[in-house]
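Trainee: I would like a close look at a single part of this model, the packing. Please spell out every cut-off as you go.

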Amino acid sequence: MNQETFEKNYTMSSLHKAIKVLKAFTKEEPNLSLTELSKKTGISISSLQRFVSTFVYEGFLHKDEGTKRYQLGHSLLYLGNLVKQESSLIIVAEPILKKLNEEMGESVSMNIIDGLERRCIVNYDSTYPLSTKMYVGDTSPLYAGASSKTLLAFMPNVEDYVEHITLEPITDKTICSKEQLLNELQQIRAQRFAISNSERVRGACSVSAPILNASHQIIASVTLVIPEVRYNDYDENHLIATILNVAANIEKQLF
């Protein structure tokens, strides 16, 4: 089943729009006006007013009456804490990823598929002054970068995704050939790791491995992110072995 058929037969357009409103808020833009929300979501002002009024009433959005701007509300914080407390994946993965971060001093993250994007759900920043910043909640396309392509390689109906997606160059090293992307995804599935250099962020090298369930379905990807200027200080085979071991350790404790 392709994405278009799924959305037509199994989803609610109004709920999709409501979720778009919540996802419009980011770390870079935590406060938005009604006009800004309309531009980011493509939803008309009149429809938006109903959505945001409902969200404010339920505590999912907070409205500053002075500035007339909105921000995410405390109800989401409560639900987020529930997810964190009850998610076996995060409970298992956090101490393992934190230990890797402390041992290497490099950025370590865990990511999942969210719709048609990669979303970061756990992150530990590098202890070095020069590092690539990532934040929990950050998203990016599934076709660029090691963490994203690891997820995409094991995603069901990956060929449908590649067929319908537009590969836009994020940097000059982003793969924009669908044939090349499919070949690389096949290789990632076979070797169970991915490596990238400056595909999404210039100067950032990543090594990533999948976390799979007992049915060989993708749950998440775990990733080491190292600035290019420091990458050659490491033995690449050791980096690969390290991230594979971390992924295997998480899988072992989950299943």
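Mentor: I will take the packing, then some single residues, then the cysteines.

First, the ground rules. This is a predicted model, in which local features need pLDDT of at least 70, side-chain atom pairs count only at pLDDT 80 or more, and totals for chains, interfaces and linings use all residues. Residues are numbered from 1 along each chain as its sequence is written, and side-chain values use heavy atoms, without hydrogens or water.

Helices here are DSSP runs of H or I with at least four residues, strands are runs of E with at least two, and both are numbered from the N terminus. Start with α7, residues 146–153, and α9, residues 178–191. Their axes come within 9 Å and cross at roughly 80°. Each axis is a line fitted to C-alpha atoms, for helices over the stretch in contact, and angles run from 0 to 180 degrees between N-to-C directions. The two helices are therefore roughly perpendicular. That label covers 65 to 115 degrees; under 35 is roughly parallel, over 145 roughly antiparallel, and the rest oblique.

Now the residues. From α7 come Lys 149, Thr 150, Leu 152 and Ala 153. They meet Leu 181, Glu 184, Leu 185, Ile 188 and Arg 189 of α9. Contact means heavy atoms within 4.5 Å. This set divides into five nonpolar, one polar and three charged residues. Nonpolar covers Ala, Val, Leu, Ile, Met, Phe, Trp, Tyr, Cys and Pro; charged covers Asp, Glu, Lys and Arg; the others, Gly among them, are polar.

Ser 147 also belongs to α7. Its relative accessibility is 9%, so Ser 147 is buried. Buried means under 20% relative accessible area, exposed means over 50%, and partly exposed lies in between, with a 1.4 Å probe and protein chains only. Leaving out residues up to four places away in sequence, Ser 147 touches Asn 111, Arg 118, Ser 208, Ser 221 and Thr 223.

A second helix pair follows. Helices α2 (13–23) and α4 (45–58) pack at about 70°, with axes 10 Å apart. That makes α2 roughly perpendicular to α4. Their crossing is right-handed: the near helix is turned clockwise from the far one by less than a right angle, where anticlockwise would be left-handed. On the α2 side sit Ser 14, Lys 17, Ala 18, Val 21 and Leu 22. Facing them in α4 are Leu 48, Phe 51, Val 52 and Phe 55. Seven of these contact residues are nonpolar, one is polar and one is charged.

Next, backbone angles. Most residues other than glycine have a negative phi. Ser 198 has a positive phi of about 65°. Ser 198 sits in the loop between β7 (194–197) and β8 (204–212), and is buried at 5% relative accessible area. His 216 also has a positive phi, near 70°. Its loop joins β8 and β9 (218–227), and His 216 is partly exposed at 45%.

Last, the cysteines. The whole structure has zero disulfides, a disulfide being a pair of cysteine sulfur atoms within 2.5 Å. The sulfur of Cys 176 has its closest cysteine sulfur in Cys 205, 19 Å away and so too far for a bond. Cys 176 is partly exposed at 40%. For Cys 205, the closest cysteine sulfur is in Cys 120, 18 Å off, again too far for a bond. Cys 205 is buried at 3%.
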